[in-house]
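I opened a notebook page for this protein and meant to work from the overall fold down to single side chains. The entries below keep the order in which I looked things up.

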Amino acid sequence: MAMLWIKTFHIVFIASWFAGLFYLPRIYVNLAQQSDPAIQACLIGMARRLYRFMTILAIPAVLLGLWLYVGYRIGVGPGNGWMHAKLFFVLLIIGYHHACGVMLRKFEQG
């Protein structure tokens with residue numbers, strides 16, 4: 001029963017994290033097109049809050065996934081090559097998350 005709750009929370013955190021990852025570049029596009037400093041400041045504030053919230057969501061999402069992988073041995077054993085592919089894409093997504101943070105710092109610096 002505990003494993004089902006862990007899976008549920010993992011999926012909710014992942015879906016919410018991905019929603020933020022897809023919306024943050026939209027804010028960046030608006031920032032790049034905007035020349036009014038007041039609106040830019042508002043958009044930077046929005047991006048900063050969204051990035052912080054995404055990071056708060058990403059940490060439990062990854063930790064719960066690791067708990068399922070290590071603790072319950074989900075995806076371990078022969079015939080589970082999909083788990084290696086999934087872990088590879090998780091690393092790519094974490095890199096994308098970091099790249100969004102780098103881009104946010106560049107927008108904050110002007």
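These are my entries on the fold, the core, the charged pair and a handful of chosen residues.

**Entry 1: the model and its fold**

I noted before anything else that this is a predicted model, and I read every value below as computed from it. I looked up the secondary structure and found three helices and zero strands, which read along the sequence as the pattern α-α-α. I then checked the radius of gyration, which is 17 Å and thus well over the 13 Å that the globule rule gives for 110 residues, so the protein is more spread out than a compact globule. The C-alpha trace spans about 55 × 25 × 15 Å along its principal axes.

**Entry 2: surface and burial totals**

I looked up how much of the chain is covered, and 26% of the 110 residues count as buried. The accessible surface comes to about 7,300 Å², with 72% of that belonging to carbon and sulfur atoms. For contacts between residues at least 6 apart in sequence, I found that 74% join residues at least 24 apart.

I also searched the surface for nonpolar patches and recorded one formed by Met1, Leu4, Trp5 and Phe9, which together have about 510 Å² of accessible area. Of these, I placed Trp5 in helix H1, which covers residues 2–33.

**Entry 3: the largest nonpolar core**

Which residues of the largest nonpolar core touch the most other members? The core has 16 residues, and the answer is Trp17, Leu24, Tyr28, Ala47, Tyr51 and Met54. I checked where the core residues come from, and H1, helix H2 (37–71) and helix H3 (81–109) each supply at least two of them. H2 gives the most, with eight residues.

I followed Tyr28 further and, leaving aside its neighbours within four places in sequence, found it in contact with Ala47, Cys100, Met103, Leu104 and Phe107.

**Entry 4: the charged pair**

How many salt bridges does the structure hold? I found one, formed by Arg48 with Glu108, whose closest N and O atoms are 2.8 Å apart. The pair links distant parts of the chain, since Arg48 sits in helix H2 and Glu108 in helix H3, 60 residues apart. As a general reminder to myself, side chains of opposite charge can pair when their charged atoms come close.

I then looked up how covered the two partners are. Arg48 has a relative accessible area of 36% and is partly exposed, and Glu108, at 36% relative accessibility, counts as partly exposed.

**Entry 5: two histidines**

Is His97 buried or exposed? His97 is found in helix H3, and because its relative accessibility is 9%, under the 20% cut-off, I entered it as buried. Leaving aside neighbours within four places in sequence, I listed its contacts as Trp17, Leu21, Tyr51, Met54, Thr55 and Ala58.

His10 has its place in helix H1, and with a relative accessible area of 14% it is buried. Not counting residues up to four places away in sequence, His10 touches Ala61, Leu64, Gly65, Leu68 and Lys86.

**Entry 6: Leu43, Thr55 and Ile94**

I turned to Leu43, which lies in helix H2 and counts as buried at 11% relative accessibility. Its contacts, leaving aside neighbours within four places in sequence, are Ile27, Asn30, Leu31 and Gln34. For one of these I also took the separation: Leu43 and Leu31 are twelve residues apart in sequence and 6.4 Å apart in space, C-alpha to C-alpha.

Thr55, listed above among the contacts of His97, has its place in helix H2 and counts as partly exposed at 28% relative accessibility. I recorded a separation of 15 Å between the C-alpha atoms of Thr55 and Gly45, which are ten residues apart along the chain.

Where does Ile94 lie, and which residues does it touch? Ile94 is in helix H3, and it is partly exposed, with a relative accessible area of 36%. Not counting residues up to four places away in sequence, Ile94 touches Trp17 and Val62. The C-alpha atoms of Ile94 and Ile74, 20 residues apart along the chain, are separated by 21 Å.

Conventions:
Residues numbered from 1 in each chain as written. Predicted model: local features only at pLDDT ≥ 70, side-chain atom pairs only at ≥ 80, totals over all residues. Heavy atoms only, no water. Patch = residues over 30% accessible without salt bridge, like charges linked within 9 Å, V, L, I, M, F, W, Y side chains within 5 Å. Areas by Shrake-Rupley, 256 points an atom, 1.4 Å probe, with all protein chains shown as cover. Salt bridge = Lys/Arg side-chain N within 4 Å of Asp/Glu carboxyl O. Helix = DSSP H or I, 4+ residues; strand = E, 2+ residues; numbered from the N terminus. Rg over C-alpha atoms; globule rule 2.2 N^0.38 Å. Buried < 20%, exposed > 50% of the residue type's maximum accessible area, 1.4 Å probe, protein only. Contact = heavy atoms within 4.5 Å. Core = buried A, V, L, I, M, F, W, Y, C linked by side-chain atoms within 4.5 Å.
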